[in-house]
Number of protein chains: 2
Amino acid sequence: MPSPRPNVFAIDPHNLFDSRPTFSHVAVSAPGSRVVMTAGQVGADVNGKVPGNVEEQIRLAFANLTRCLESVGAHVTDIVKLVYYIVDYDHTKRNHAKPLLDFLGGHRPATTLVPVPKLARPEFLFEVEAYVSLPQLPSQDVDVVVIGAGLSGLKAAYEVQQAGYSCAVVEARDRVGGKTWSSDRTDKGKFVDVGAAWINDTNQSEVFRLVQELGLETVVQNTTGNKLSEANGVESMLFLRNKAEEVCQSLDIRDPLRNGSHLDNMSFEDWVRSVTGPSESALASASIWTRAMLGMEPREVSALFFLNYCKSGGGLLQMRSDQKNGGQYLRLAKGTQKIAIGLANLLRPDTITLSSPVRVVEQAASAIQVHSTRRTYTCKRVIVSVPTPLYKEITFHPALPADKLELSRLNRHGYTNKVMVRYSSPWWRGYGLCGMLQSFAGPVTVTRDSSVDELGQFSLTCFCVGDWGRQLSKLSQAERFAAVVEHVTKTLGSAGSVPQPIGIEEHEWQWDQWSQGCPCPAAPPRVMTRLEPALRASHGKIHFVGTETAYEWKGYMDGALRSGARGGREVIDALGHGKL
Amino acid sequence: MPSPRPNVFAIDPHNLFDSRPTFSHVAVSAPGSRVVMTAGQVGADVNGKVPGNVEEQIRLAFANLTRCLESVGAHVTDIVKLVYYIVDYDHTKRNHAKPLLDFLGGHRPATTLVPVPKLARPEFLFEVEAYVSLPQLPSQDVDVVVIGAGLSGLKAAYEVQQAGYSCAVVEARDRVGGKTWSSDRTDKGKFVDVGAAWINDTNQSEVFRLVQELGLETVVQNTTGNKLSEANGVESMLFLRNKAEEVCQSLDIRDPLRNGSHLDNMSFEDWVRSVTGPSESALASASIWTRAMLGMEPREVSALFFLNYCKSGGGLLQMRSDQKNGGQYLRLAKGTQKIAIGLANLLRPDTITLSSPVRVVEQAASAIQVHSTRRTYTCKRVIVSVPTPLYKEITFHPALPADKLELSRLNRHGYTNKVMVRYSSPWWRGYGLCGMLQSFAGPVTVTRDSSVDELGQFSLTCFCVGDWGRQLSKLSQAERFAAVVEHVTKTLGSAGSVPQPIGIEEHEWQWDQWSQGCPCPAAPPRVMTRLEPALRASHGKIHFVGTETAYEWKGYMDGALRSGARGGREVIDALGHGKL
């Protein structure tokens, strides 16, 4: 994966005053670049809410500008020019200087500062616009283009290349792995997984075989000690669980509507109430399931979707289990992103282009053209591995069929944010706890021990999910982290003292440009009935993969790989059963 | 030498109000252009000083913008868009209109005028930013790229082409000749040399042979009549001159440190004082030498450097002489730039690309890439002919060796500005004067008759050099010209009346983007001792020429040509002694 060469070149003309460190008098784009211009970015959040504080507005405006850059795969170093507009500008204060320097990180575009009497809305105090230069890579002519370098896309590319076809992978992010992302802020190899974390070694055979091939070390999920479950009606929970297990086992994952079409007319909440009556404790249990497994509330998801989702992992019990054969049995000592990195390394050199979002796919009789922001491809087949709800990010010519478009619009990612709290020791084990907490009070829904003992990485994964997660998301990060730590301390630490965390990290997938949620797009009621066939349907010579399209282990890494293999096979078959 | 094709295309959309003559409603860049954006340019000088007067600020802002354009080899006609920000804008005054029209010279970019309450600093009243489009020429693959089309670069290219190798010359300026530049504001062939002016026909054999080959007409420097020397101690001057001549004759120009290393521990001023004691008149003479010859004060230059510099021209006496064999014996009737133009015409067609500053040179095992702002070259060898202090303008990968970088940082150009005063007749001759003045009072240090009688070009070259020159530089041009004329009138014209000049011109090489001083980079004390070997050392496959690297006639055109021939030979030898 080549890292982009320096693009924008800052020049200090002789005999002009020294512009370091903030800007340069002249900035030149690389030859053959494409120009990107942003609207003026103000300190307003996604809902248009504007902080009263000017420093917060400035910070938010730069955060918004960062999102603009992400949307085209640009980096700060691609900025040629910044113009900032400041209301009530006071040259003795220069509030913008610190956030600007932080944002630029040493890059020096040409800049202009424009004091203005006011901006578009009276509450706006700061606005910044960018002119960006995106260097263009030579166009490529290949058999197959895979859009997205998550596990499903990488797997599809691998299969295509193994069959002897040329294949390029084009990725919007500056990394591979999609919703697997292993963070190591310690810089000491102590990774935590802010994305997908668990596999098993039995029924998740696709992912486990790959993990073995890549020689990646696994860690058994710690289940020694008590699980903690805040008070709830056990009986109604067991009744509901058994009933859900029974119904979900009756479903056919290859054709869920055959036995389950009636379940698609209701939300999972409707179904729970139909089974348990007005038992709030049963609904509370059901809420933990949908929150932890989909980041959603039971009211948001079709009963059929949820139960079929469980069935894809062998059933509710197995999917929720941390034991042998369960969904959360093993983790990877150095993080799950190593799977994607390993798979990427199995591809031919220079297969993958990073930081290059695909924005247009033009399908003609003769060939398909895939236009990313940094490169154009001509190919015979395309495999789209981006999450279904993100199809809107790509303009297809001709347009996607109406049912696929509607599915893309209606299927939604839940809110899942795993706040990873690092400690210097696994103190909860001293209180006889395995680290598993299920909360009916919130704000954290579930916690799990995510330590890797042999590396000295001790941490709790705190699932901030569903409505409680969305509430936490409205807080500042500091407030959110404090709330999470307080919850953990009061529950797992109720028996004694709890040390201060040594680090906390998170990734709010909801705000991630290229996921827009996590872990798996899910259908509200009455969507599968009409649109399930559209999920995996190809569009001309364009094929669709992604963990949500898997039959087995939807939403898991195993499902992602299986869907990628399926997409690869579709394309190989279409191209004529391989060249080799 | 192809002149750049029209790049920006102005469009007047039907049914919009007439935007002539200042701007156009739409401006389009050529396809395959590279985008350049400037920071907002204000009316602040190199030290950040801001004139109180708004007209002066506007003029200065456009001058600064011109420097930004120069730094990438852009012309005003490459501007796509201008935005100007005006404090206290009064539509009835429009102070900016005249300087803007002068700046644009008929070009009509798209523009926006933005009245603002203030600018980044309270004293700023005007700011202008430009969006520029640089058309890109097709990349070239050649054996050798020469950076710089001054005499040394052109000579190197000529030798390389004569040996049968392909060679491209890439030049930052919009003309050839470097520090030779012949101005003809009269437009009647009456050139004056604002840069290098003198040669001789004996020991400057390289340049004289070329002048003969090119059929250029020479003019003998007028020495008929008295020299004028403002009162000074003649005895101490003669003693010092003889001593300097003696020491400089003892030096070996091929290895000056062998006999002269002790002289590098002191400035030339220190050496003068060590020879003459506290004689201010001796130092005043020494000052005339370093000022006239290097644009420097005796305190600024190493004694060894200065004496070796003299030796390179045969000794102090010969280098300073206007007689046969002397450094200032002959001029060219139509100006010395004709040498560079003639040499350029001896190169293969389309060898030279103008207005294309090289900003990056990437040296890899396989090839070298030279990136100019308008074209990229792939080649086997590079010859850098820009002045040593300007290496900083080029980013080398891998970086230049530390000693070469340090030499580039420490060796400095002096301040030399030849103010050329034209008269309708050589009135000084009527007073029995040859036009040569040496002043111990300033502000002009030396004058010489630079007339070409047969063309009716009558002028005095007035050397504004060293500290006195730097003082004059702080004045406005009108004030500076007045001071120069007054000095000439009072001295050469003291015996009678002096006619008004019919024209005055100058080029302040100090502010020239691509020279940053004149005539020749010189070393302060203790630089040669450590860094002299780095001066001509190649860096991998990159070679270095320039008049300061010559052994003979450093700082003269003859030295430039000799250094170019040396660099050409180095490259030809490296490539295998020629193909023909």
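Select A:Val28 and B:Val36 to begin: in this predicted model, A:Val28 stands opposite B:Val36, which belongs to strand 3 of chain B. Extend the selection to strand 2 of chain A, residues 26–28, and to strand 3 of chain B; these two strands pair in the antiparallel sense over 3 bridges.

**The interface between the chains**

Now display the contacting residues on both sides: 41 residues of chain B are in contact with 35 residues of chain A. Together the two chains bury about 3,100 Å², and carbon and sulfur atoms account for 61% of that area. Highlight B:Arg34, B:Met37 and B:Ala120, which supply 19% of the area that chain B buries against chain A, more than any other three residues.

For the polar component, select B:Glu129 and A:Lys81. They form a salt bridge whose closest N and O atoms are 2.3 Å apart, and the count of salt bridges between chain B and chain A is 1. Between the chains there are also 16 residue pairs in polar contact, both residues of each pair being at pLDDT 80 or more.

Next, colour chain B by secondary structure. At least two residues of the side that touches chain A come from each of strand 3 (33–38), strand 4 (41–42), helix 1 (54–71), strand 7 (126–135) and strand 17 (358–363) of chain B. Strand 3 of chain B gives the largest share, 5 residues. By class, this side of chain B comprises 18 nonpolar, 12 polar and 11 charged residues.

**Helix 1 in each chain**

Remain on chain B and select B:Gln57, placed in helix 1 of chain B. B:Gln57 counts as buried because its relative accessibility is 1%, below the 20% limit. Apart from residues up to four places away in sequence, B:Gln57 touches B:Gly43, B:Val50, B:Pro51, B:Gly52, B:Glu123, B:Phe124, B:Leu125 and B:Phe126.

Move to chain A and select A:Ser71, which lies in helix 1 (residues 54–71) of that chain. A:Ser71 is buried, with a relative accessible area of 18%. Its side chain reaches the backbone oxygen of A:Cys68 at 2.6 Å. Leaving aside neighbours within four places in sequence, A:Ser71 is in contact with A:Pro357, A:Arg359, A:Gln513 and A:Trp514.

**An open sheet in chain A**

Select strands 8, 19, 18, 17 and 21 of chain A: in the order 8-19-18-17-21, these 5 strands form an open sheet with mixed pairing. Strand 8 (140–141) and strand 21 (395–397) each have a single partner strand, so one side of each is left without a neighbour in the sheet. At the strand 8 edge, 2 bridges join strand 8 to strand 19 (residues 376–379), and the two run parallel. Here A:Asp141 has A:Thr378 in strand 19 as its bridge partner.

**Backbone details in chain A**

Select A:His397 and A:Pro398, whose peptide bond is cis with omega near -10 degrees. A:Pro398 is in the loop between strand 21 and helix 12 (402–410) of chain A. Another cis peptide bond joins A:Gly442 and A:Pro443, with omega about 5 degrees; A:Pro443 is in the loop between strand 23 (433–438) and strand 24 (446–449).

Two residues with positive phi complete the tour. A:Arg526, with phi near 70 degrees, lies in the loop between strand 26 (503–505) and helix 16 (528–531) of chain A. A:Arg526 counts as partly exposed at 46% relative accessibility. Finally, select A:Trp553, with phi of about 50 degrees, in the loop between strand 27 (542–544) and helix 17 (557–575) of chain A. A:Trp553 is buried, with a relative accessible area of 2%.

Terms used
Residues numbered from 1 in each chain as written. Chains lettered and ligands numbered in written order. Heavy atoms only, no water. Contact = heavy atoms within 4.5 Å. Buried area = accessible area lost by both parts, 1.4 Å probe. Salt bridge = Lys/Arg side-chain N within 4 Å of Asp/Glu carboxyl O. Polar contact = N/O pair within 3.5 Å; in protein donor to acceptor, adjacent residues only side chain to side chain. Helix = DSSP H or I, 4+ residues; strand = E, 2+ residues; numbered from the N terminus. Nonpolar A, V, L, I, M, F, W, Y, C, P; charged D, E, K, R; others polar. Pairing = 2+ DSSP bridges. Buried < 20%, exposed > 50% of the residue type's maximum accessible area, 1.4 Å probe, protein only.
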